[in-house]
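Here's a quick briefing to read alongside the structure. Keep the viewer open and follow the bullets topic by topic.

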Amino acid sequence: MNTNKKYKDSVFTRYFSDEHKLRLLYNALENTNYGDETEVNIITLEDVLFMNQKNDICFTIDNKFIILIEHQSTINNNMPLRCLLYIAREYEKLIDKNIVYRSTLQKIPTPHCYVLYNGVRNYPKEKILKLSDAFLVQQNPPELELTVKVININYKENHSIVQQCQYLKEYSYFISVVRTYLEKGLELNDAIIQAVKICIDKNVMKEFLEKNSSEVINMLFTEFDMNTAIETWKDEGRKEGIVKGRKEGIAKGRKEEKFEIAKNLIDILDIETISNKTGLSIEEIKKLM
């Protein structure tokens, strides 16, 4: 699906696909002080055959750590499971598969998984999502665990991590300007154009915006338009369920709402993204297709 790659290549992904920026972002996330001499390798999943599990940004730093970052405007509670699949795929790429059959212990980069949230709904400054929360049978301690740290990077939240990384701070400010113009009643395209002008004038993301202004407008328009549509469809579905006034009707309305959203997204997004956005299974979406 051609539109999938364009959608996944978000402004955030494009802006931070730079070794210097990622080094500074990692320093802010982990309170470290790695300098320009520290090696950074971007290993974001881009294999066409693995497109359904393409993540936003993944990189190694100093060959000691592997950092997986997802940027989201709606929180997906299945992120620990998704990150488990992503990390497993990354290790497959980094390590000779024959090594795992040898008796000598194979050392691997230590993983860190993050979600950087910038949606409009209220969300804590930080929250930990755990893979074990999804287990049908809870164990203490769980035999398998993966944690994802969700960080609210909205400009108004003024998170210390945003303040410590100038590039993240500028990106957060840029998005806040877009939303400010939307609140003033501007159409989405006009709001983005005005935000680009304002930020260039204020030396915010200036070089990036000057070089990629048309692409930024197109990418951000797609991102914002899609998120708005999904939220609208969800709200309409909730209202219909409330009017029915019965639990059975609400449950049925929510299911129908999900199918309606999926139908609208089939020609725009890949199956996995639709599943993440709606909560429908891959099999259910394939039936719709």
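Glu 92 and Arg 89 sit three residues apart in helix 4, so about one helical turn separates them. Their side chains form a salt bridge, with the closest N and O atoms 3.5 Å apart. Bear in mind that this is a predicted model.

**Helix 4 and its salt bridge**
- An α-helix has 3.6 residues a turn, so residues three or four places apart point the same way.
- The two partners differ in burial: Glu 92 counts as exposed because its relative accessibility is 54%, whereas Arg 89 counts as buried at 19%.
- Helix 4 runs over residues 79-94, and its 16 residues reach 22 Å from first C-alpha to last, close to the 22 Å expected.
- Arg 89 has company on the buried list for helix 4, which also includes Met 79, Cys 83, Tyr 86, Ile 87 and Tyr 91.
- Among the elements covering those buried residues are strand 2 (57-61), strand 3 (65-72), strand 4 (110-117) and helix 10 (271-278).

**Other salt bridges**
- The count comes to eight salt bridges.
- Lys 149 and Glu 126 make one of them, at 3.6 Å from N to O.
- That pair links distant parts of the chain, with Lys 149 in strand 6 and Glu 126 in strand 5, 23 residues apart.
- Lys 149 counts as partly exposed at 26% relative accessibility, and Glu 126 is also partly exposed, at 38%.
- Over in helix 8 (residues 206-244), Glu 207 and Lys 211 are four residues apart, about one turn of the helix.
- Their side chains meet in a salt bridge at 3.1 Å, N to O.
- Glu 207 is exposed at 54% relative accessibility, and Lys 211 is exposed too, with a relative accessible area of 62%.

**A buried lysine without a partner**
- Lys 21, in helix 3 (residues 19-30), is buried yet has no salt bridge.
- The nearest side chain of opposite charge belongs to Asp 18, 5.4 Å away; that pair misses out because a salt bridge has to be within 4 Å.
- Leaving aside neighbours within four places in sequence, Lys 21 contacts Tyr 15, Phe 16 and Tyr 167.

**Nonpolar cores**
- The largest nonpolar core has 48 residues, and Phe 16, Phe 59, Ile 69, Leu 168, Tyr 171, Phe 174 and Leu 209 touch the most other members.
- Helix 6 (residues 166-183) gives this core its largest share, eight residues.
- A second, separate core has 21 residues, including Tyr 123, Leu 129, Leu 146 and Val 150.
- Beyond four places in sequence, Phe 16 touches residues including Lys 21, Leu 25, Ile 57, Leu 168 and Tyr 171.

Note on methods: Residues are numbered from 1 along each chain as its sequence is written. This is a predicted model: local features need pLDDT of at least 70, side-chain atom pairs count only at pLDDT 80 or more; totals for chains, interfaces and linings use all residues. Side-chain values use heavy atoms; hydrogens and water are left out. Helices (H or I, at least four residues) and strands (E, at least two) are DSSP runs, numbered from the N terminus. The expected span of a helix is 1.5 Å times one less than its number of residues. Buried means under 20% relative accessible area, exposed over 50%, partly exposed in between (1.4 Å probe, protein chains only). Contact means heavy atoms within 4.5 Å. Lys and Arg count as positive and Asp and Glu as negative; His and the chain ends are not counted. A nonpolar core is a set of buried Ala, Val, Leu, Ile, Met, Phe, Trp, Tyr and Cys residues joined through side-chain atoms within 4.5 Å.
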